[in-house]
Amino acid sequence: MKKNGSLPKPANLFVFDAHCDTASVLFDQPWAFSRNPGHLDLQKIRKGGLKAQIFAIWVDPLLAPQRAMKRALQLLQTMEQKVFQPGHALKVTSLSEMTAALHHKKLAAWLFLEGGHIIENSPEILHIFHSLGVRGMTLTHSKNTDWADSTTDTPRANGLTALGRQIVRQMAQMGMAIDVSHASDQTIAQVLKTTSVPIMASHSNARKLCPIPRNLPDKFIREITARKGFIGANFFPAFIKRSVFDQIEENFNKFAKEIQERTAGRLDDPDFLSQVEWEYYLRAAAGNDAVEIEQLIDHIIHIASIGSIDCVGLGSDFDGIPSTPARLADAAAYPVLVAALQKRGFKEREIRKICGLNLKNFLQRIEKKGK
Ligand SMILES: [Zn+2]
């Protein structure tokens with residue numbers, strides 16, 4: 001393998017990524033945060049120049065309504081036990097805490113909920129999670145909640161219900177990031193009407209380049225930018241290139257009968273269903289067309305040109321995606337991405353914004369707006 005002579009030094013980078021599912025893999029697997037076979041561990045962080053990370057507390061919607069909140073609490077406990085340890089990372093809940101963590105050369109770790117189903121339709125439970133240090137939430141995951149429609153489900157509320165609007169306003173007041181990744185277009189449109197605070201799409205790409213519902217149409221890229229929000233580019237090849245998305249769909253459909261047979265008689269066991277679904281997802285994603293870093297950068301360029309260079313950033317989705325672009329296998333590869341951005345003509349000042357400053361500034365803005 002060629003030596004990385006021309007790559008930027010990790011110590012000089014400020015990479016702040018908006019979305020990873022490391023909490024889930026550390027819960028599911030007997031892995032340590034110091035070193036593991038996943039996308040993100042202490043060694044990879046150091047090699048990659050990753051200085052701050054938003055950790056998603058993701059709960060499969062299959063576990064809703066009865067077991068979702070419990071699972072979220074279990075993931076928070078996993079973060080306490082495996083990640084927030086001396087020498088590893090510091091849990092941060094504010095910009096000043098992040099600054100302190102960086103000063104002590106510790107990974108600054110933020111906590112977000114992924115999936116509004118976790119709060120069980122309860123503004124009070126949302127408040128409790130805020131007290132536990134959670135500073136953002138994606139309104140939905142892949143299924144509708146009772147109060148917000150997902151972009152990968154059949155519309156039910158046609159956006160937000162009255163409760164959904166109440167929750168969005170509450171998040172704005174608490175200074176919590178309103179994350180619209182996974183939300184339907186109608187949901188996003190109504191969020192933009194309900195509140196005037198900056199919002200984010202932590203891990204979404206451009207629909208123009210990869211036309212799938214999960215990606216953002218240009219009008220939302222414009223509107224999110226206009227109110228000084230944030231959009232993190234997702235590294236999942238299926239969200240970068242349409243043909244890969246289609247391959248995975250096609251492969252997954254081939255497994256339908258097999259999945260049905262394996263899950264027969266166990267439909268009341270959401271943990272098992274979730275595990276089986278992920279197993280087949282991994283199989284469906286194996287051997288797909290290669291996606292290059294340059295194609296990920298195309299999305300970054302598109303978001304920056306439709307929106308602005310001040311709104312675009314990284315939302316890797318590491319540890320939550322079954323495959324990655326070539327040469328971007330895990331968090332150790334950020335210097336490769338930075339070198340590729342340089343090659344595409346981005347100036348150092350712009351690269352610093354994309355890699356972390358834009359996300360930091362976004363969180364600062366919503367912290368100020370919160371009471
Ligand atoms: Zn997600």
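Which residue stands opposite Ile231 of strand 8? The tour below returns to this point after a view of the whole chain.

**The whole chain**

The model is predicted: local features need pLDDT of at least 70, side-chain atom pairs count only at pLDDT 80 or more, and totals for chains, interfaces and linings use all residues. Residues are numbered from 1 along each chain as its sequence is written.

Display the full C-alpha trace, which spans about 55 × 50 × 45 Å along its principal axes. The protein chain holds 15 helices and 9 strands; helices (H or I, at least four residues) and strands (E, at least two) are DSSP runs numbered from the N terminus. Of its 371 residues, 50% count as buried. A residue is buried if 20 or more other C-beta atoms, placed from the backbone, lie within 10 Å of its own, exposed if 12 or fewer, and partly exposed in between.

**Strands 7, 8 and 9**

Select strand 8 (230-233). Phe230 and Gly232 on one side, and Ile231 and Ala233 on the other, are all buried, so both faces are covered. Strand 7 (residues 200-201) runs parallel to strand 8 and is joined to it by 2 bridges; two strands pair if DSSP finds at least two bridges between them. The residue opposite Ile231 is Ala201.

Add helix 8 (218-226) to the selection. Strand 7, helix 8 and strand 8 form a right-handed β-α-β unit. A crossover is right-handed if, with the strands pointing away from the viewer, the path from the first strand over the helix to the second runs clockwise. Strand 9 is also parallel to strand 8, with 3 bridges between them, and Leu314 in strand 9 stands opposite Ala233.

**Helix 13 and the core**

Next, select helix 13, residues 293-306. From its first C-alpha to its last, this helix of 14 residues reaches 20 Å, close to the 20 Å expected at 1.5 Å a residue; the expected span is 1.5 Å times one less than the number of residues. Helix 13 is mostly covered, with 10 of its 14 residues buried. Among them are His299, Ile300, His302 and Ile303. The buried residues pack against several elements, including helix 14 (334-343) and helix 15 (348-369).

Now colour the largest nonpolar core, which has 111 residues. A nonpolar core is a set of buried Ala, Val, Leu, Ile, Met, Phe, Trp, Tyr and Cys residues joined through C-beta atoms within 7 Å. Helix 13 gives the most to this core, with 8 residues. Phe112, Ile231, Ile300 and Ile303 are among the residues with the most contacts inside the core.

**Strands 4, 5 and 6**

Centre the view on Phe112. Leaving aside neighbours within four places in sequence, its contacts include Ile54, Val134, Met137 and Asp179; two residues are in contact if their C-beta atoms, placed from the backbone, lie within 7 Å.

Then select strand 5 (residues 134-138), which is largely enclosed by the rest of the structure because 5 of its 5 residues are buried. Strand 4 (residues 107-114) pairs with strand 5 in the parallel sense over 3 bridges. The chain crosses from strand 4 through helix 5 (residues 123-131) to strand 5, and this β-α-β crossover is right-handed. Strand 6 (residues 177-179) is a parallel partner of strand 5 as well, over 3 bridges, and Ala177 in strand 6 is the bridge partner of Gly136.

**A loop residue**

Finally, select Leu63, in the loop between strand 2 (50-58) and helix 3 (68-83). Is Leu63 buried or exposed? Leu63 counts as buried because it has 20 C-beta neighbours inside 10 Å. Beyond its neighbours within four places in sequence, Leu63 is in contact with Ala68, Arg71 and Pro270. The C-alpha atoms of Leu63 and Ser274 are separated by 8.4 Å, although these residues are 211 residues apart along the chain.
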